[in-house]
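Visitor: Hey, I've got this structure open and I'm not sure where to start. Can you walk me through it?

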Amino acid sequence: MSDTSDSCIFCTIVAGEVPAEELGRNDRAIAIKDLNPQAPFHALVIPVDHHENAAASAAADPATIGHLVSLADEVAKAAGNADYRLVANTGAGAGQTVFHTHLHVLAGSLGMTERL
Ligand code: 5GP
Ligand code: ZN
C-alpha cells in the first residue's frame, strides 16, 4: 500500500522531493535529523505510508510501529546513544504539527518535556 499526500511535508521527504539529512531506512520507514532539534540528538522516524498519527498507522498495519521502533533503536545506537526517548505527539493539543506519523528519537538529554 502506498498512501501519500501531495501537501504533506513528510511525504515529500520520503519521496526525495525535499532534502533531509537521512540517518537510516528500512523497507517501511526512513530516519532523518529534525530540522529544529530539541535535544543533542533528535531524529524523526517516519513511515513511508501516510497516516495522520501513530494510532492510525497501527490500525492500518500493526507491524508498522515495530518497524519504526526498530529503526529508531538502530539510528540512536549508531549515533552512540544507548539511552533515548521515543515521543509520538498525537493531536494538535499534544504538540503535533505534522500530521504524518512520526516518532521523535531524543537523546543526549531528556528533551521536550524533560521528565514526564
Ligand atoms: P510534531 O510537532 O508534529 O510532533 O513534530 C514535527 C517535527 O518535524 C518538528 O520537530 C519539526 O522540527 C520537524 N520538521 C518539520 N518540518 C521539517 C522538515 O522539513 N525537515 C525536517 N528534517 N524536520 C521537519
Ligand atoms: Zn504524508
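Guide: Sure, let's begin with the sheet. There's an open sheet of five strands, paired antiparallel, in the order β1-β2-β3-β5-β4. Keep in mind that this is a predicted model.

Visitor: Okay, which strands stand at the edges?

Guide: Those are β1 (22–25) and β4 (85–87). Each has a single partner strand, so one side of each is left without a neighbour in the sheet.

Visitor: And by how much are neighbouring strands turned against each other?

Guide: By 20° on average, ignoring direction.

Visitor: How many bridges join β1 to β2?

Guide: Three, and the two strands run antiparallel, with β2 covering residues 29–33. If you want one to look for, G24 has A31 in β2 as its bridge partner.

Visitor: Which helix lies across those strands?

Guide: That's α3, residues 63–78. Helix α3 lies across β1, β2, β3 (41–47), β4 and β5 (103–107), and runs at about 155° to β3.

Visitor: New topic. Where does UniProt place the "active site" feature?

Guide: The UniProt record, an unreviewed entry, puts "active site" at H102. You'll find H102 in the loop between β4 and β5.

Visitor: Is H102 buried or exposed?

Guide: Buried. There are 26 other C-beta atoms within 10 Å of H102, and the cut-off for calling a residue buried is 20 or more, so H102 qualifies.

Visitor: What is H102 in contact with?

Guide: Leaving out neighbours within four places in sequence, H102 is in contact with F10, L44, V45 and I46.

Visitor: Where is F10 found, then?

Guide: F10 is in helix α1, which spans residues 9–14. F10 is buried too, because 23 other C-beta atoms lie within 10 Å.

Visitor: And what does F10 touch?

Guide: Not counting residues up to four places away in sequence, F10 touches I46, V98, H100 and H102. Take H100: F10 and H100 are 90 residues apart in sequence, but 6.5 Å apart in space, C-alpha to C-alpha.

Visitor: Last thing, the ligand. How many residues surround ligand 1?

Guide: There are 13, and the closest are L35, N36, N89, T97 and V98. You've met V98 already, as one of the residues that F10 touches.

Visitor: What classes of residue does that shell have?

Guide: The shell around ligand 1 has six nonpolar, five polar and two charged residues.

Note on methods
Residues numbered from 1 in each chain as written. Chains lettered and ligands numbered in written order. Predicted model: local features only at pLDDT ≥ 70, side-chain atom pairs only at ≥ 80, totals over all residues. Helix = DSSP H or I, 4+ residues; strand = E, 2+ residues; numbered from the N terminus. Buried ≥ 20, exposed ≤ 12 C-beta atoms within 10 Å, placed from the backbone. Contact = placed C-beta atoms within 7 Å. Near = placed C-beta within 6 Å. Nonpolar A, V, L, I, M, F, W, Y, C, P; charged D, E, K, R; others polar. Pairing = 2+ DSSP bridges. Axes fitted to C-alpha atoms, helices over the stretch in contact; angles between N-to-C directions. UniProt positions renumbered as here; feature names shortened; annotations may be inferred.
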